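Subject: Two-chain model, handover and findings

Hello,

Here is the structure I promised to pass on. My notes on it follow below.

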Amino acid sequence: MTNPIDDHDDRDTQALLVFLANGTLEGDEKTRVEAAVKADPQLQGELAALKAMRAEMQAQTPQATPGEFGLARLMRDIENEPNQTNVPATVTRLGFWKGAAAAVIALIAIQTAAVLYAPDQIIDLAGGGAEAAVEGPTLTVTFAETATEAEIRSLLLRLDLTIVSGPSALGIYTLAAQDVSASDRALQQLRAATNIVDSAEQEE
Amino acid sequence: MSTNAELTFLMNAMANGDKKAFAAFYKAMERPVFKFIVSKLNDPFEANDILHEVFMDVWRSAGKFEGRSAVKTWVFGIAYRKTMDHFRKHGRVTVTDDMPELEDDSPDAVACLNATQEAAHLRFCMDELKVEHRSAIELAFFEDMSYGEIAHVADTPEGTIKTRIFHAKKLLLRCLSGRMKEATT
């Protein structure tokens, strides 16, 4: 007769084998399931089959997605929404940029130092494994998709701004100014450059 | 896939009515969410409509997102509920996780492995699963979610997800083993 506790443990191990295959199992559970696999050729075979299944599923090419048409349909419907009720009472525009940008920037780890060369000047992109140390005030900026590298470079040089991080995967840059008054002036001019800059916010 | 911090950034922007953030969010999440939905429906037109509803909900609810789960998990939770609602409307969803006990004959692991490498066999066997079981396996293998994350998506206790995975795995491996044996005889 099967011991119910053994049977439960066996079922648990069988289920967790899927999560050993996808790499999300951790700690004691991982140790326990790995030990069970090591001791049981049947589990070894199943684990190999599950890993192959995962690889096969991830390799499957998805059917054509709605893509831009789907986005256009969404944008049309969003425009027709009666009221924008998204804004939570506790979130101010500045607060959101500050908090969200901080969350993003905290995770940005630029792997290599890079330097953009201008004909007569250089813009340094901060490098290193952690966020570069910034003494002055910083601005969070996204650029228009149509803005060229030359336009961006020219604007940043004119405003005496330095890129301290970015672009992130979503195109977010953090820029440093020399001091608060320079940052205030730069913010106004960045916002005015609507053909180059999508959004610009000051970090406190 | 974008990081959770990036998706959170966009969520906050959407909460402030930023449509560009919404477009970026859509571009980041459309493909995996659509894949999740269409794999169960096998009807791209219905899947398109559900995807549309999911992203409309994302837009409307962005301000209510409290960050108690990863953004991806939250979005897949919406997609899961919409898909299940669709199945319920069409009478294709079960309300119990009870499964008939299977004979404990272990599947031939080598045959499973060989069958798994043939996409047609895998598709056939996935189609044989109940939608809740299939969803659990897909979230585990398409999205590499932990059982805790899958429980959050399905709004179901972790123990239930383990039970679903246990049965789904057993049925899948048995189906694949059987398909391979059929093919070789």
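Helices and strands here are DSSP runs, with a helix needing at least four residues and a strand at least two, numbered from the N terminus. On that basis chain A reads α-α-α-α-α-β-β-β-α-β-β-α-β along the sequence. Please keep in mind that this is a predicted model.

**The two chains**

Chain A has seven helices and six strands. Of its 204 residues, 30% are buried. Among its contacts between residues at least 6 apart in sequence, 62% join residues at least 24 apart.

Chain B is built from nine helices and zero strands. Its pattern from the N terminus is α-α-α-α-α-α-α-α-α. Chain B has 185 residues, and 51% of them count as buried. For contacts in chain B with a separation of 6 or more, 71% come from residues 24 or more positions apart.

**Where the chains meet: helix 4 of A and helix 2 of B**

Helix 4 of chain A covers residues 67-79, and helix 2 of chain B covers residues 19-41. The two pack at about 145 degrees, with axes 11 Å apart. The crossing is right-handed. Chain A contributes A:Gly70, A:Leu71, A:Leu74, A:Met75 and A:Ile78 to this contact. Chain B contributes B:Lys19, B:Ala23, B:Tyr26 and B:Glu30. By class, that is six nonpolar, one polar and two charged residues.

A:Gly70 sits in helix 4 of chain A. Is A:Gly70 buried, exposed or partly exposed? A residue counts as buried from 20 other C-beta atoms within 10 Å, and as exposed at 12 or fewer. A:Gly70 has 17, so it is partly exposed. Leaving out residues up to four places away in sequence, A:Gly70 touches B:Glu30, B:Asn48, B:Leu51 and B:His52.

**Inside chain B: helices 1 and 2**

Helix 2 of chain B also packs against helix 1 of chain B. Their axes come within 8 Å and cross at roughly 145 degrees. This crossing is left-handed. From helix 1, the contact uses B:Leu7, B:Leu10, B:Ala13 and B:Met14. From helix 2, it uses B:Ala21, B:Phe22, B:Ala24, B:Phe25 and B:Ala28. The class count is nine nonpolar, no polar and no charged.

**The cores**

In soluble globular proteins, nonpolar side chains tend to be buried together. Here the largest nonpolar core has 76 residues. Those with the most contacts inside this core are A:Leu17, B:Met14, B:Phe25, B:Val33, B:Ala140, B:Ile150 and B:Ile165. Which element gives the largest share? Helix 2 of chain B does, with 12 residues.

B:Val33 touches B:Leu51, B:Val54, B:Val75, B:Phe76 and B:Ala79, not counting residues up to four places away in sequence. Apart from the largest core lies another, of 17 residues. Among them are A:Tyr173, A:Ala176, A:Ala186 and A:Val197.

**Helix 4 of chain B**

Helix 4 of chain B spans residues 71-89. Its 19 residues should span 27 Å at 1.5 Å a residue, and its end C-alpha atoms are 27 Å apart, so the two agree. The buried residues in this helix are B:Val71, B:Lys72, B:Thr73, B:Val75, B:Phe76, B:Ala79, B:Tyr80, B:Thr83 and B:His86. They pack against helix 1 (4-15), helix 2, helix 3 (44-61), helix 7 (131-141) and helix 8 (147-154) of chain B.

**Two backbone points to look at**

Most residues other than glycine have a negative phi. Two aspartates in this model have a positive one.

- A:Asp160 has a phi of about 55 degrees. A:Asp160 is in the loop between helix 6 (149-158) and strand 4 (162-165) of chain A. With 12 C-beta neighbours inside 10 Å, A:Asp160 counts as exposed.
- B:Asp155 has a phi of about 50 degrees. B:Asp155 is in the loop between helix 8 and helix 9 (158-184) of chain B. B:Asp155 is exposed too, with 10 other C-beta atoms within 10 Å.

Best wishes

Methods:
Residues numbered from 1 in each chain as written. Chains lettered and ligands numbered in written order. Predicted model: local features only at pLDDT ≥ 70, side-chain atom pairs only at ≥ 80, totals over all residues. Axes fitted to C-alpha atoms, helices over the stretch in contact; angles between N-to-C directions. Left-handed = near helix turned anticlockwise from the far one by under 90°. Contact = placed C-beta atoms within 7 Å. Nonpolar A, V, L, I, M, F, W, Y, C, P; charged D, E, K, R; others polar. Expected span 1.5 Å × (residues − 1). Core = buried A, V, L, I, M, F, W, Y, C linked by C-beta atoms within 7 Å.
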